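Let's take a walk through this protein together, starting with the overall picture and then stopping at a few places worth a closer look. Please keep the structure open as you read.

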Amino acid sequence: MTTDKNQRALTEWSALYSPGTLNLIGGRPGMGKTTVAFQLATEARQPTAYFSLKMKREQLLLCHTHGQCPEWVHIDDTMPITMEMLCSKVRQMRETYGIRWVIIDQLQLMTSSQLYPNREEEIVHIIQELKKMAVEFQVAVIVLTQLMRTVMLHDDYRPTLQDLPNWERIRQWVDDVRLLHRDDYYHIGKRDTMEVLATECGNGEIGDLKLKWLSFAVFLNMQYNIQKIGNIERLRALLAATEEEVMRIAAPFDGDVDWDRFTKDRLYRLLEIRACILNRMFELHSTEAEIRRFEHVNDALLKMMNRFHEEQRQLQKQLDTLPDIGDHRANRFHLIGEINYCHDPEDPKLFPMEEDTFYGSHWNEMLWTVSSFSRMDAHTIGGGESNHLDDGQTWAEGPLCIPQFGHLCVCYLVHALCTHLHYSIPDLLRMTTYTCERSMWELSEAEI
């Protein structure tokens with residue numbers, strides 16, 4: 001994404017973040033928050049602690065630096081992470097590396113070890129603690145945060161402070177807010193410019209900034225070109241060529257995966273392109289049977305999420321009732337839950353559909369590659385949180401935002417699989433086996 005103009009804009013932007021300040025960068029999912037924040041840290045050359053709560057370190061680097069990490073950026077990909085754990089890590093990294101910036105990606109994925117009556121109260125507490133941490137350690141804290149769907153109600157889709165969740169309750173602790181906007185996010189073919197919108201909460205001397213949006217330029221151009229293709233035969237030929245290259249790189253499809261970073265980077269791009277082609281084919285030629293299958297999968301995954309959350313909550317309640325042992329606190333145990341698609345190439349258990357031959361995809365090999373390549377979980381649950389992600393509002397964004405699904409409330413897990421990972425909609429219809437795993441970690445302190 002870096003050009004001479006971008007470097008000047010990023011340098012100007014980085015001047016906002018002085019020690020002791022708490023700063024927010026807001027945007028809709030997929031707007032480019034992670035890309036911008038990582039590029040900002042790279043160009044500013046400030047000793048930075050980057051807490052990646054959305055993806056593992058390896059995936060973050062492959063997405064944004066082709067596997068190379070700037071020596072002044074120190075990445076921590078602990079998932080999930082509580083406010084208390086983060087503060088402890090910042091203290092240690094401040095002493096070890098002399099960090100001046102702390103970037104948190106993103107606010108909605110943070111938790112607290114304390115119990116609150118609802119998620120809103122927990123977020124307000126986290127914001128307060130982040131401001132205290134910024135002042136105590138004299139670091140600039142930069143928090144990426146997701147904006148509400150109210151952005152979609154604006155005529156020009158340009159975000160405002162009112163689109164920030166709980167803004168009225170947290171504004172007193174926030175020093176600066178910048179909101180991201182891209183026309184091409186909403187309208188294919190529009191100019192590829194990232195606008196960094198200034199707000200009344202912040203440094204008035206630095207107004208709106210514009211960045212040339214060049215990240216994944218080749219992929220984005222390919223994506224735009226695919227969206228313009230209306231010929232199924234052309235799409236099928238492009239899919240065949242893409243999958244042939246994937247199979248050439250990834251074969252054999254068994255055993256442990258041991259790809260170097262360049263191979264992973266190449267596969268990452270190819271799998272993105274493959275998903276884009278399949279989604280376009282589905283958009284052009286979906287059948288009634290496919291729509292019914294999607295409805296069934298969406299409903300089943302929502303029920304699975306809700307059940308898993310409830311089981312997690314009940315187990316956490318039992319852990320919280322354990323008696324104190326000596327100086328150890330009773331609520332020191334916390335559960336971590338993960339939901340993922342599970343693919344066994346020797347026993348794939350794929351759901352057969354009449355449209356299998358229409359797409360012409362090598363479903364078994366491709367799903368094995370996607371599941372092996374994924375370095376982040378489809379869904380992670382920390383502690384005993386309720387399923388606040390599925391609140392009756394649709395997660396139909398990106399490839400899921402098509403007329404065929406206009407009557408559905410798309411659940412978060414479907415959204416995660418088809419937008420955060422590399423599964424296409426036709427993949428989702430054939431996937432049947434999921435794992436729900438739990439592990440427990442202990443947080444305890446001792447003074448001697």
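The paragraphs below go from the whole fold to a covered helix, a helix pair, some salt bridges and a buried acidic residue.

Bear in mind that this is a predicted model. The protein has 15 helices and 13 strands, and 53% of its 448 residues are buried. Among contacts with a separation of 6 or more, 74% are between residues 24 or more positions apart.

A good first stop is helix H14, residues 412-420, where seven of the nine residues are buried. These are Tyr412, Leu413, Val414, His415, Ala416, Leu417 and Cys418. If you look at what covers them, you will find helices H11 (288-320) and H15 (425-430) included, along with strands S11 (333-341), S12 (379-382) and S13 (434-442).

Next, turn to helices H9 (residues 232-250) and H13 (residues 363-373). Two packed helices are described by the angle between their axes and the distance between those axes. Here H9 and H13 pack at about 60°, with their axes 11 Å apart, and the crossing is left-handed. On the H9 side, Glu243, Val246, Met247 and Ala250 take part, meeting Glu365, Met366, Trp368 and Thr369 of H13. Elsewhere in H9, Arg236 forms a salt bridge with Glu233, with the closest N and O atoms 2.6 Å apart. These two residues are three apart in the helix, about one turn. Glu233 counts as exposed because its relative accessibility is 52%, and the cut-off is over 50%.

Of the 20 salt bridges in the structure, two more deserve a visit. In helix H5 (residues 119-137), Glu122 and Arg119 are three residues apart, so they are separated by about one helical turn. Their closest N and O atoms are 2.9 Å apart in a salt bridge, and both residues are buried. The salt bridge between Arg169 and Glu120 (3.2 Å, N to O) links distant parts of the chain: Arg169 lies in helix H6 and Glu120 in helix H5, 49 residues apart. Both are partly exposed, with relative accessible areas of 33% for Arg169 and 35% for Glu120. Glu121 joins Glu120 and Arg169 in a network of salt bridges.

Finally, what does a buried acidic residue without a salt bridge have around it? Asp163 is such a residue, with Arg28, the nearest side chain of opposite charge, 8.5 Å away. Asp163 sits in the loop between strand S7 (140-146) and helix H6 (167-170). A polar contact of 2.9 Å joins its side chain to that of His154. Beyond its neighbours within four places in sequence, Asp163 also contacts residues including Leu147, Met148, Thr150, Val151 and Arg158.

Technical notes: Residues numbered from 1 in each chain as written. Predicted model: local features only at pLDDT ≥ 70, side-chain atom pairs only at ≥ 80, totals over all residues. Heavy atoms only, no water. Buried < 20%, exposed > 50% of the residue type's maximum accessible area, 1.4 Å probe, protein only. Helix = DSSP H or I, 4+ residues; strand = E, 2+ residues; numbered from the N terminus. Contact = heavy atoms within 4.5 Å. Lys, Arg positive; Asp, Glu negative; His and termini not counted. Salt bridge = Lys/Arg side-chain N within 4 Å of Asp/Glu carboxyl O. Polar contact = N/O pair within 3.5 Å; in protein donor to acceptor, adjacent residues only side chain to side chain. Axes fitted to C-alpha atoms, helices over the stretch in contact; angles between N-to-C directions. Left-handed = near helix turned anticlockwise from the far one by under 90°.
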